[in-house]
Amino acid sequence: MAPSNSNQESAQVVVWGGGTGGVAAALQAARGGARTLLLTPGPWLGGMVSAAGVCAPDGNELTPWQTGLWGAFLRALAHNEPEGLDQNWVSCFGYRPATAEAILRRWCGAEALLQWWPQVELRSVRSQGNRIRAVEIVRDGLGIDIALDVLIDGSDQGDVWPLAQAPYRLGWEAKELWDEPSAPSAQALATDPFFKEQPVQSPTWVVMGQLAKEEPSSGLNPKPQLPAPFDSASENFGLERTITYGRLPGGLVMLNWPLAGNDWHHQLGDLFESDPAQRAEIYGQMRAHSLAFADALKEASAGWLQLANCFPADGQGPAAEALQGPSALALMPYWREGRRLVGQTCVLEQHLLPPRAGCFIAPMPLGADGTVTSIAVGNYANDHHYPGGDFPLAPKSCRWGGRWSGTPFTIPYGALLSSEFDNLMAADKCFSSSHMANGATRLQPLILNIGQASGAAAALAVAKGIPPAQLPVRELQEILINDPTAPAAVVPLWDTPWHHPQWRERQRQVLEAPELLGEDGRLQTSYFPVPSEPGESAWQGVITADGSGGFVFDCDASGGEGGAGGKARYPLITLEPELHDWLNGLDRPTSANLVGCLNPYGPWLRASRLGT
């Protein structure tokens, strides 16, 4: 598939966009046997998880939801970050962007059927009837026409949709359209200027900081005088917690702060227009805004926070030596929302919510014949970024494992399929969802697995000689469940972690008989030993329930490894169903031996199992 003088190329599956879902789709399509070409506008893979610098992922943190490419990615990160992933208080996972990029490049480089062309421009999409036939790109100044069988949009902004003239949505939908619980009324959308000024969720241009090796002064002012527009950034959490919100290995800090921080709220509609000069000007303002926020924190912390040059400069190619460079700014904005495909079905807010009190899962999507059509599981609560206070949203959170977590939901296959073209698919947050639902469906873990499903479907369609729109979804579900490298869940099972030896069997049981799954999301209650993980250690102490779904652990400061004395008290959390059940059965302070990882920055002890 190398460029030739004829400017004509072909691939069975073409994936546009360097987003998280785009690289997942390309990887899975090639693993499925399709000749695949991944086209990215920038020099890095991965979008949110690397190039955009959002290296403290949200959602799918519990082990029942750590499946598919998300689970494989998480475990690869754990083995490639010697300091471990327990680094911050916003997420259970923190890693360096170059680590993620190296993993993705290694995965893609191992696939003989996958070719990656970075730094290309998508010019046009050519269709005939209800089929996409080709895309035109510019690579190294040369126009190339690429014939294809399946086209997948793996971009954050849905770049393909307007070029293909595929129907898409951008912005808010009125409550009257679908009766979503949190959607504004048509009158509010027409009269309140807020909705015109905020057509999509606010993006952020992440900037990376570096903490000085020494600890901050004990006299650090928790409420310093930050300059406008950041004067209230540390009001709720204090300066130190604001800075370490997104701490990563090596003392890197992901600066992605929504509260009077570096979210960007201006001219958002213009960022989806076709004028590249205008977009470039706004991008410059976004970058300057983030650097100003970092400078304000640097000054307020008396130099404890510095800038970290961990991204390559613009224009560097895909060579391994270009993984790090002289820039603290991410290579692209963190887009929370873009153009959303009009699909064969649309994910709405109510599809993500448990239907009643006491229910811990959203209803699974069913086809006309009553079969389950889901292809990925998510669990993020719902989170919308706008200026001002929190936008009121229907709750979908619960206390689980000593912490707050979102209740699970599933994505139907039809949400990845264009309503207009039968070989056009989505693989990133540009899939078919409502504006309100996007707040829960846009996160890195779910998007990795949506991309995996899209790529698997494309490869299966090529092998069968039919368009993806005609695939039997049950065959696709079997491919995902049986994947030899990254088996992916298609139904939510609270009591079945990714490492359970009956995991595949239980997935199939629910697909064959959905009524077996109770409202608590459980199928069975038998457990098996939890595997060890890098960096874990033994801890001895006393567990006490706090009366509100949380737990505290009083122990020796050195855990169970010996060493200096002293006592410590940590919040105790777990991501494992078996330990969660055991903790919930405690009715008095209980001595216990635990195995887990300490997060001193959370701070909390993340326990995985009882010790001996």
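Let's start inside the protein: the largest cavity encloses about 40 Å³ of space. Keep in mind that this is a predicted model. Searching the whole structure for cavities of 30 Å³ or more turns up one. Which residues line the largest cavity? Going along the chain, you'll find Pro497, His499 and His500, then Tyr527, Phe528 and Val530, and finally Glu576, Pro577 and Glu578. Sorted by class, that lining is made of five nonpolar, two polar and two charged residues.

Pro577, one of those lining residues, also belongs to helix H14, which covers residues 577–584. So much for the cavity; now follow that helix. H14 lies across strands S17 (537–545), S18, S19, S20 (590–599) and S21 (604–610). Its direction is at about 100° to that of S21.

And what do those strands build? They form a closed barrel of five strands, in the order S17-S18-S19-S21-S20, and the pairing is mixed. On average, neighbouring strands in this sheet are turned by 55° against each other, ignoring direction. For a closer look at one pair, take S18 (residues 551–556) and S19 (residues 567–574): they pair in the antiparallel sense, over six bridges. If you'd like a spot to click on, try Asp554, whose bridge partner in S19 is Arg569.

Now move to another part of the chain, and to an open space. The second largest pocket has a volume of about 1200 Å³. Its lining counts 37 residues, and the ones nearest its centre are Pro41, Gln157, Asp159, Arg279 and Tyr283. Three elements give two or more residues each to this lining: strand S4 (121–128), helix H4 (160–164) and helix H9 (276–300). Which of the elements gives the largest share? That's H9, with four residues. As for chemistry, the lining of this pocket has 19 nonpolar residues, along with nine polar and nine charged ones.

Finally, a word on how far to trust what you see. The protein chain has an average pLDDT of 94, and 96% of the residues score at least 70. The beginning of the chain is another story: over residues 1–5 the pLDDT is below 50. In the model, this stretch still has 18 contacts beyond near neighbours in sequence. Where pLDDT is low, though, predicted coordinates shouldn't be read in detail.

Terms used: Residues numbered from 1 in each chain as written. Predicted model: local features only at pLDDT ≥ 70, side-chain atom pairs only at ≥ 80, totals over all residues. Heavy atoms only, no water. pLDDT = per-residue confidence, 0-100. Contact = heavy atoms within 4.5 Å. Pairing = 2+ DSSP bridges. Axes fitted to C-alpha atoms, helices over the stretch in contact; angles between N-to-C directions. 1 Å grid on protein atoms, 1.4 Å probe; cavity = no way out; pocket = protein on both sides within 12 Å on 5 of 7 lines; lining within 4 Å. Points joined across faces, edges and corners; volume = space filled by probe spheres on them. Nonpolar A, V, L, I, M, F, W, Y, C, P; charged D, E, K, R; others polar.
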